[in-house]
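Please open the model in your viewer and keep the sequence panel beside it. The tour below proposes one selection after another and says what is found at each stop.

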Amino acid sequence: MTLPEVTTAFTSLKTATEILKAIMALNKNAAINEKIIDLQQIILSLQASASDFHTKYQELVKAKDDIEKKLMDYQNWEVIKSQYKLVQMTSGVFIYVPNENHPSPKPNHYLCTNCYEKMRKSLLQIKKLYGTGYGEYFCPECRMGIEFNADSFKE
Ligand SMILES: [Zn+2]
């Protein structure tokens, strides 16, 4: 996106250059033509400055867009985060489970603590069942495995 002000500046500088060329064509005084050449150098310098300004402006716009996206991600995460609570699944093994404020806790599910800390909602999946209520979950995102025993799991 080009700023209209920058476009106007480029157009004005180009027009000024053309006017100076026309003056030089009409004028035969060497001293005046020398000053016109000086003015043309200044105009070239202004064009370069306007171009640099525009490049920096575009970088700032991109940085602003990135920050707005991060803020939006953070705000979305805060909503998700408010829907879960940390519980101890078995001794020393923690997971996140839907809390009482979760709008739709069914079907019940568990979140990976590793991904949760990185602001990612990753549902744990069953990898192996060793027996009724005893097996291993895994996180499809970070591949972390968690052994569980449903009998010892109290939310
Ligand atoms: Zn994970």
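Which residue in strand 2 is the bridge partner of glutamine 88? Select glutamine 88 together with phenylalanine 94, because the latter is that bridge partner in strand 2, where two strands count as paired if DSSP finds at least two bridges between them.

Before going further, note that this is a predicted model, in which local features need pLDDT of at least 70 and side-chain atom pairs count only at pLDDT 80 or more, while totals for chains, interfaces and linings use all residues. Residue numbers start from 1 along each chain as its sequence is written.

Now extend the selection to residues 84-90, strand 1, and residues 93-98, strand 2, which run antiparallel and are joined by six bridges; strands here are DSSP runs of E with at least two residues, and helices are runs of H or I with at least four, numbered from the N terminus. The two strands form a hairpin with two residues between them, and glycine 92 takes a positive phi near 80° there.

Next, select residues 125-131 and 145-149, which are strand 3 and strand 5, the edge strands of an open sheet, each pairing on one side only. The sheet has three strands in the order 3-4-5, with antiparallel pairing. In general, the strands of a sheet pair through backbone hydrogen bonds, either parallel or antiparallel. From one strand to the next the twist averages 20°, with axes taken as lines fitted to C-alpha atoms (for helices over the stretch in contact) and angles running from 0 to 180 degrees between N-to-C directions.

Add strand 4, residues 134-138, and look first at its pairing with strand 3, where five bridges join the two antiparallel strands and glutamine 125 stands opposite phenylalanine 138. The hairpin of strand 3 and strand 4 has two residues between the strands, and glycine 133 in its turn has a positive phi of about 75°.

On the pairing of strand 4 with strand 5, which is antiparallel over five bridges, select phenylalanine 138 again and find glycine 145 as its bridge partner in strand 5, then move to glutamate 136, which stands opposite glutamate 147. Six residues lie between strand 4 and strand 5 in their hairpin, and arginine 143 in that turn has a positive phi of about 70°.

Finally, colour the protein chain by domain, with domain 1 at 4-80 and domain 2 at 83-152, bounds that come from an automatic or database domain assignment. The C-alpha centres of domain 1 and domain 2 lie 55 Å apart.
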